[in-house]
Amino acid sequence: PNVCADQEMSMLGVRQPCVQAFTRMVKVWKQGCTSHRWCMGYERRTAYYTVYRQVYSMDSHTVYNCCPGWTRKGGEMGCLHS
């Protein structure tokens, strides 16, 4: 008895993964460039990596407190004292 519900807001931070891609040119040996010989060429290679960013959001949850004018003592199950 004499317990009131209140909404409490708190900020919640979560790490969110974000995949990034980058491209680079790599030297490679190729066969058959001129009269079955090897030559050096370049190929584009794409690599991927994961970075993390912090994302914040507001979270609302219900807390229960004694209604105005009432108090709770010890381990009582309600707010019995005015």
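The questions and answers below walk through a predicted model of a protein, from its overall form to single residues.

Reader: How many helices and how many strands does the secondary structure of the protein come to?
Author: In this predicted model, the two strands can be placed by their residue numbers, with strand 1 covering residues 3-31 and strand 2 covering residues 38-66. Counting the elements of secondary structure gives zero helices and two strands.

Reader: Is the protein a compact globule or more spread out, and what is its radius of gyration?
Author: Along the principal axes, the C-alpha atoms fill a box of roughly 100 × 20 × 10 Å. For 82 residues the globule rule gives 12 Å, and the value for this protein is well over that, so the protein is more spread out than a compact globule, with a radius of gyration of 32 Å.

Reader: What percentage of the residues count as buried?
Author: A residue is called buried when its relative accessible area is under 20%. The accessible surface of the protein comes to about 7,100 Å², and 53% of that surface belongs to carbon and sulfur atoms. Of the 82 residues, the part that counts as buried is 9%.

Reader: Among contacts between residues at least 6 apart in sequence, what percentage join residues at least 24 apart?
Author: Ala5, which lies in strand 1, gives a view of such contacts, since, leaving aside its neighbours within four places in sequence, Ala5 is in contact with Thr62, Val63 and Tyr64. For the protein as a whole, among contacts between residues at least 6 apart in sequence, the part that joins residues at least 24 apart is 61%.

Reader: Is Ala5 buried or exposed, and how many Å is Ala5 from Cys67 in space?
Author: The relative accessibility of Ala5 is 52%, and the cut-off for exposed is over 50%, so Ala5 counts as exposed. Along the sequence, Ala5 and Cys67 are 62 residues apart. In space, however, their separation from C-alpha to C-alpha is 8.5 Å.

Reader: How many disulfides does the structure hold?
Author: A disulfide is a covalent bond between the sulfur atoms of two cysteines. One such pair is Cys4 and Cys67, with sulfur atoms 1.8 Å apart, and another is Cys66 and Cys79, with sulfur atoms 1.9 Å apart. The number of disulfides that the structure holds is two.

Reader: Which parts does the pair of Cys4 and Cys67 tie together, and how many residues apart are they in sequence?
Author: The link of Cys4 and Cys67 is right-handed, with 105° about the S-S bond. Cys4 lies in strand 1 and Cys67 in the segment after strand 2, so the pair ties together parts whose separation in sequence is 63 residues.

Reader: Which parts does the pair of Cys66 and Cys79 tie together, and how many residues apart are they in sequence?
Author: With -85° about the S-S bond, the link of Cys66 and Cys79 is left-handed. Cys66 lies in strand 2, while Cys79 lies in the segment after strand 2, so this pair ties together parts whose separation in sequence is 13 residues.

Reader: Is Cys79 buried or exposed?
Author: Cys66 has a relative accessible area of 26% and is partly exposed. Its disulfide partner Cys79 has a relative accessibility of 3%, and because the cut-off for this class is under 20%, Cys79 counts as buried.

Reader: Which side chains meet in the salt bridge?
Author: The structure holds one salt bridge, and the distance in it is 3.0 Å from N to O. One partner is partly exposed at 38% relative accessibility, and the other is partly exposed with a relative accessible area of 32%. The side chains that meet there are those of Arg45 and Glu43.

Reader: Which elements give two or more residues to the nonpolar patch?
Author: The patch lies on the surface and is formed by Met9, Met11, Tyr56 and Met58, with about 500 Å² of accessible area together. The elements that give two or more residues to this nonpolar patch are strand 1 and strand 2.

Reader: Which residue other than glycine has a positive phi near 60°?
Author: The residue has its place in the segment before strand 1. With a relative accessible area of 26%, the residue is partly exposed. The residue with this positive phi is Asn2.

Technical notes: Residues are numbered from 1 along each chain as its sequence is written. This is a predicted model: local features need pLDDT of at least 70, side-chain atom pairs count only at pLDDT 80 or more; totals for chains, interfaces and linings use all residues. Side-chain values use heavy atoms; hydrogens and water are left out. A disulfide is a pair of cysteine sulfur atoms within 2.5 Å. Helices (H or I, at least four residues) and strands (E, at least two) are DSSP runs, numbered from the N terminus. Buried means under 20% relative accessible area, exposed over 50%, partly exposed in between (1.4 Å probe, protein chains only). A salt bridge is a side-chain nitrogen of Lys or Arg within 4 Å of a carboxyl oxygen of Asp or Glu. Patches are made of residues with over 30% relative accessible area and no salt bridge: like charges are joined within 9 Å, nonpolar side chains (Val, Leu, Ile, Met, Phe, Trp, Tyr) within 5 Å. Accessible areas come from the Shrake-Rupley method with a 1.4 Å probe; for residues, only the protein chains shown count as cover. The radius of gyration is taken over C-alpha atoms; the globule rule is 2.2 Å times the number of residues to the power 0.38. Contact means heavy atoms within 4.5 Å.
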